[in-house]
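I opened this notebook to record what I looked up in the structure. The entries follow the order of my queries.

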Amino acid sequence: MAGKIACFVVLCIVAAAHSAEALTCTEVDAYLKDCVPFLTKTGLLGTCCDGVKKLEAVATTTTDRQTACTCLKAAGETIIGLDWSRVGDLPSACGVNLPYTVSADIDCSKIE
């Protein structure tokens with residue numbers, strides 16, 4: 001009985017840790033906030049690539065990558081003057097390789 005309880009406790013801890021690690025739009029926005037001037041053609045890359053690389057490092061699961069994509073699309077709808085071609089070019093400009101191009105019409109559910 002004690003073994004089953006211990007196993008249940010471990011599973012609860014693992015589940016809690018996993019759910020605590022889920023990426024949110026608030027985090028995605030924070031990672032990429034320094035990119036807005038570049039993406040709206042009002043500034044340079046500056047420290048933008050630091051955030052892009054941090055986002056790549058934390059978006060380790062399919063769910064995280066799909067969340068990041070969805071958040072980017074949602075933010076893109078609210079940023080005045082956003083240049084979607086720059087959004088698509090941003091990963092390579094920062095030395096990050098993505099197997100897809102982020103665009104206004106990307107289907108985020110297809111990202112793995």
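**Entry 1: Asp83**

I began with Asp83, which I located in the loop between α5 and α6. The model is a predicted one, and I keep that in mind throughout. I asked whether Asp83 is buried or exposed. Its relative accessible area is 14%; because the cut-off for buried is under 20%, Asp83 counts as buried. I then looked up what Asp83 touches, not counting residues up to four places away in sequence, and found Leu39 and Lys41.

**Entry 2: Lys41**

The contact of Asp83 with Lys41 led me to the latter residue. Lys41 lies in the loop between α3 and α4. I noted a relative accessible area of 56% for Lys41, which makes this residue exposed. I also checked the backbone: phi of Lys41 is near 60°, a positive value in a residue other than glycine. My record for this pair is thus a buried Asp83 in contact with Lys41, and an exposed Lys41.

**Entry 3: the protein overall**

I next asked how many helices and strands the protein has. I found 6 helices and 0 strands, and the pattern along the sequence reads α-α-α-α-α-α. The protein has 112 residues, and 28% of them count as buried. I looked up the exposed area as well: about 7,200 Å², with carbon and sulfur atoms supplying 62% of it. For contacts between residues at least 6 apart in sequence, I recorded that 68% join residues at least 24 apart.

**Entry 4: α2 against α4**

I examined one helix pair in detail. Two packed helices are described by the angle between their axes and the distance between the axes. For α2 and α4 the angle is about 145°, and the axes are 7 Å apart. On the α2 side I listed Val28, Tyr31 and Leu32, and on the α4 side Gly51, Val52, Lys54, Leu55 and Val58. By class, these contact residues divide into 6 nonpolar, 1 polar and 1 charged.

**Entry 5: Leu32**

I followed Leu32, a residue of helix α2. Leu32 has a relative accessible area of 13% and is buried. Leaving out residues up to four places away in sequence, I found that Leu32 touches Gly51, Val52, Leu55 and Leu72. Leu32 and Val52 are 20 residues apart in sequence, while their C-alpha atoms are 6.3 Å apart in space.

**Entry 6: the largest pocket**

I asked which residues lie nearest the centre of the largest pocket. They are Val28, Leu32, Leu55, Ala68 and Leu72, out of a lining of 30 residues. The volume of this pocket is about 530 Å³. I noted that α2, α3, α4, α5 and α6 each supply at least two lining residues, and that α5 gives the most, with 7. The lining comprises 24 nonpolar, 1 polar and 5 charged residues.

**Entry 7: Cys108**

I closed with Cys108, placed in the segment after α6. With a relative accessibility of 8%, Cys108 counts as buried. Apart from neighbours within four places in sequence, I found Cys108 in contact with Gln66, Cys69, Thr70 and Lys73. I also looked up the separation from Thr67, which is 41 residues away along the chain: the C-alpha atoms of Cys108 and Thr67 are 7.9 Å apart.

Methods: Residues are numbered from 1 along each chain as its sequence is written. This is a predicted model: local features need pLDDT of at least 70, side-chain atom pairs count only at pLDDT 80 or more; totals for chains, interfaces and linings use all residues. Side-chain values use heavy atoms; hydrogens and water are left out. On a 1 Å grid over the protein atoms alone, a cavity is a set of points where a 1.4 Å probe fits but cannot get out, and a pocket is an open set with protein on both sides within 12 Å along at least five of seven lines; lining residues have an atom within 4 Å of a point. Grid points are joined across faces, edges and corners, and a volume is the space filled by probe spheres set on the points. Helices (H or I, at least four residues) and strands (E, at least two) are DSSP runs, numbered from the N terminus. Ala, Val, Leu, Ile, Met, Phe, Trp, Tyr, Cys and Pro count as nonpolar, Asp, Glu, Lys and Arg as charged, and the others, Gly among them, as polar. Axes are lines fitted to C-alpha atoms, for helices over the stretch in contact, and angles run from 0 to 180 degrees between N-to-C directions. Contact means heavy atoms within 4.5 Å. Buried means under 20% relative accessible area, exposed over 50%, partly exposed in between (1.4 Å probe, protein chains only). Accessible areas come from the Shrake-Rupley method with a 1.4 Å probe; for residues, only the protein chains shown count as cover.
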